[in-house]
Amino acid sequence: MEEHYDPQEIELKWQKRWEEKNLFRVTEAAGKPKYYLLEMFPYPSGKIHMGHVRNYSIGDVLARSLRMKGVNVLHPMGWDAFGLPAENAAIQHNTHPARWTFDNIRTMRAQLKRLGLSYDWEREVASCHPGYYRWTQWLFLKMLERGLAYRKMALVNWCGSCQTVLANEQVEGGCCWRCGEPVGEKEVEGWFLKITDYAERLLQGCDKLAEGWPERVLVMQRNWIGKSFGAEVSFPVEGAAAEIRIFTTRSDTLYGATFMILAPEHPLVKRLVAGTAQEAAVLEFVRQVAREDRLLRGAETTEKRGVFTGRCAINPLTGKPIPIWVANYVLMEYGTGAIMAVPAHDQRDLEFARKYALPVRVVIYPRQGEIDEKTMTEAYVEAGYLVNSGRFNGLGNEEAQGKIIAYLEEKKIGRGAVNYRLRDWGISRQRYWGCPIPVVYCQECDVIPVPYEDLPVILPLDVPVTPEGGSPLGRDSRFVESSCPRCGGRARRETDTMDTFICSSWYFDRYTSPRFEEGPVDPKAIRYWMPVDQYIGGIEHAVLHLLYARFFTMVLKDMGLIHVEEPFQRLLTQGMVIKDGAKMAKSKGNVVDPDAIIRRYGADTARLFILFAAPPEKDLEWSDQGVEGSHRFLQRLWRLVQQHRERLAGVNLPCDGAGSLPEPLRQLRRRTHLTVKRVTEDLGDRFHFNTALSAIMELVNDLYRFDVEAQNSPAAAGVLREALEICLQLLSPFAPHLADELWEQLGHTSCLIEHPWPTWDPACIEAQEHLIVVQVNGKVRGKLTIRPGTPEEEIRRLALENDRVQRWTAGKEVKKIVVVPEKLVNVVVA
């Protein structure tokens, strides 16, 4: 008897066996139900963490159980391999981003295989491989042809000392992370994708995803798209051939606009103050604000600061001049980068007005009472009727909105408008480790796309990456110097690279045909596999990645490359792994190394704990005791099989139904088949992995309590064998190595993933007898054992004949008897 459970030996044995049999390889199969299961594209950061283990274990349970149910499951893995962290690590460790990245991929691939995850590794892709980014560049050129890619000026974080653009993450306290010098903003020309052309489709698509996506993710996407109805209004600048265009959802408050505010980045700012007494003060304020975090600038709690430009605009409805200010809390990326300030009816504007002694004009009164604009401390934002609003006085403010917009259009000073918070996607990155943008710049022909037949534009791997400022590509003449595809003259390559979100916006399409050479996707494969049936990842990707992936899918559909409008039918956002009350992080010193857990307990224990400790969508609190408990359970199951394996050799399974089995055997079969039902349902749409595991553990407890010696018969051995085999089948998606090892010990030659998922027999589940209570006037006075289907009249008779019940009914008039099937009988007496 194999007394010792050695997870290291067992797990390596079965991983080798699975790989030799190529069990997880999948191809299109006509007539077979398909299921595309995908976890989010991981960045090869070096080593996996417990968040990875949780994410991938969730997916693997679904993949394995569905395969056992006869479903054709696509479960691929690859690497979102470009990105700034590799560049930073290369500088820090004096290596090259490519070497650092591919070393990490090798490490992480080995770790994922050690977990026993059922990936089809033949479909592995890495976004930094030319075979992948060739098609990323191809898609960019197609977008350029369709007018969806264009160049424009944009503000970026700029370190003058390093002479380089910085990502928001590289600006620490307003200073450069490398040199510590203050960071400013600079306008540079860059590439953008017109995601705004798809704003309405993206918004409408949220409604179609409601059945399969978490509501909070859809709310975040809708808010990011930010559709609002209102008016565009132009405020002429007094004494200048310029106007300030604003968008407002509150046309009913236009008469209450008492000053204007421009974002510090607004292009009009420098023009308005040029040569004025306020120029120096305004430009210094702009420089100060440029060093501040934009998210904090827009926060409600941030102190409102500003400076007067010395210029005024004309309120088009009142005809009166109102001062133009520049303030920190107005951001260029929201609306038009300019607002009309209505302090009486906007709290932030009111705080700003009180600080700088600016006028406050109330234009909406409540239905009862009035408001004193001189003493008010809170803006009035409720419904009411208009005052101080000319011809619109007395109108309800909601009714007035439409009438004021009509008036603006009549006078040609404004128009009704729909506005989206969403802005076009800036994809240019002035860094090295990314996908090259396939265009050249010719003095004669301007911007020229690289011909499709010349793709990919290869990212050179022999470029030194140093702490010096600027992109290393710009210093490599072999890369920069090129020829114009149109005129043959000298040309300069684009040295910006693409935002890495581009790579992760279509990788799920490439997985369907990763070695296809005629295009980014094989039409037959994409039609068979897409859309992704289940997508799994963290809530931190709720907006950008998911929104960009949806945008790319719509564009590819419009190009005729794919047939679906939405990439992911269902989305599961798993919770974080928490330890000591905080998310696991190196900085907090609370990280648990998955390799250490696997070395001590094995991969099956790691998987079992991470799936049992909490429902997938909830945060999981790490527990060393919980890990120990999961390992003890696997050891108990091991010992159970060792205890019975010889006795069960050659034993036949019981026939369908309960038959004439003795009561103890009928009860064990019933519990076995109930467990199949519970686990199958819990692994369905509910993803209740913890309760599924709980049911399996309860069945193991039942098996330990089962006295096979007392039931010494072939039938008892058959019932026991059935229960053990079903237990292993149900456990296989969670702890596949141990399950396959014990399955083999019971005499099977196939792996469990090749074996059909068990089904429950309704005849076994149906209870042979029901225990029901008998009440007298609502109080329990006795119990009855009733067979299913017993008529109500018979139940009433048995209740009245029960000895204990008769003690409480003797000599009393029975008013009525209420029967609740299979639960209770209530006898009501006078």
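These questions and answers cover a sheet, two nonpolar cores, a helix pair and a loop residue in a predicted model.

Q: Which strands stand at the edges of the open sheet with the order E27-E26-E28?
A: The sheet is open, has three strands and shows mixed pairing. An edge strand here has a single partner strand, so one side of it is left without a neighbour in the sheet. The strands that fit are E27 (582-583) and E28 (620-621).

Q: Which residue of E28 stands opposite Ile578?
A: Strand E26 covers residues 577-579 and pairs with E28 in the parallel sense. Two bridges join this pair. Opposite Ile578, the residue in E28 is Glu621.

Q: Which helix gives the most to the largest nonpolar core?
A: This core has 187 residues. Phe552, Trp622, Leu731 and Phe734 have the most contacts inside it. Eleven of the core's residues come from one helix, spanning residues 714-731. That helix is H22.

Q: How many residues does the second, separate core have?
A: In soluble globular proteins, nonpolar side chains tend to be buried together. In this model a second core stands separate and includes Ile244, Val326, Tyr380 and Phe392. Its size is 60 residues.

Q: Which residues does Phe734 touch, leaving aside those up to four places away in sequence?
A: Phe734 is among the residues with the most contacts inside the largest core. Its partners include the charged residues Asp604 and Arg607. The full set is Val61, Asp604, Arg607, Leu608, Leu611, Leu683, Phe689, Ala692, Leu693 and Ile696.

Q: Are H18 and H23 parallel or oblique to each other?
A: Helix H18 spans residues 603-612, and helix H23 spans 736-745. Their axes come within 7 Å and cross at roughly 120°. Roughly perpendicular ends at 115 degrees and roughly antiparallel starts over 145, so this angle falls among the rest. The two helices are therefore oblique.

Q: How do the residues of the contact of H18 with H23 divide?
A: H18 brings Ala603, Asp604 and Arg607. H23 brings Pro736, His737 and Leu738. The division is three nonpolar, one polar and two charged.

Q: Is Val362 buried or exposed?
A: Val362 lies in the loop between helix H11 (347-355) and strand E14 (364-365). Its relative accessible area is 1%, and the cut-off for buried is under 20%. Val362 is therefore buried.

Q: What separates the C-alpha atoms of Val362 and Ala344?
A: Val362 touches Ala344, along with His345, Ile371, Glu373, Met376, Val387 and Asn388. Val362 and Ala344 are 18 residues apart along the chain. Their C-alpha atoms are separated by 5.3 Å.

Technical notes. Residues numbered from 1 in each chain as written. Predicted model: local features only at pLDDT ≥ 70, side-chain atom pairs only at ≥ 80, totals over all residues. Heavy atoms only, no water. Pairing = 2+ DSSP bridges. Helix = DSSP H or I, 4+ residues; strand = E, 2+ residues; numbered from the N terminus. Core = buried A, V, L, I, M, F, W, Y, C linked by side-chain atoms within 4.5 Å. Buried < 20%, exposed > 50% of the residue type's maximum accessible area, 1.4 Å probe, protein only. Contact = heavy atoms within 4.5 Å. Axes fitted to C-alpha atoms, helices over the stretch in contact; angles between N-to-C directions. Parallel < 35°, antiparallel > 145°, perpendicular 65-115°, else oblique.
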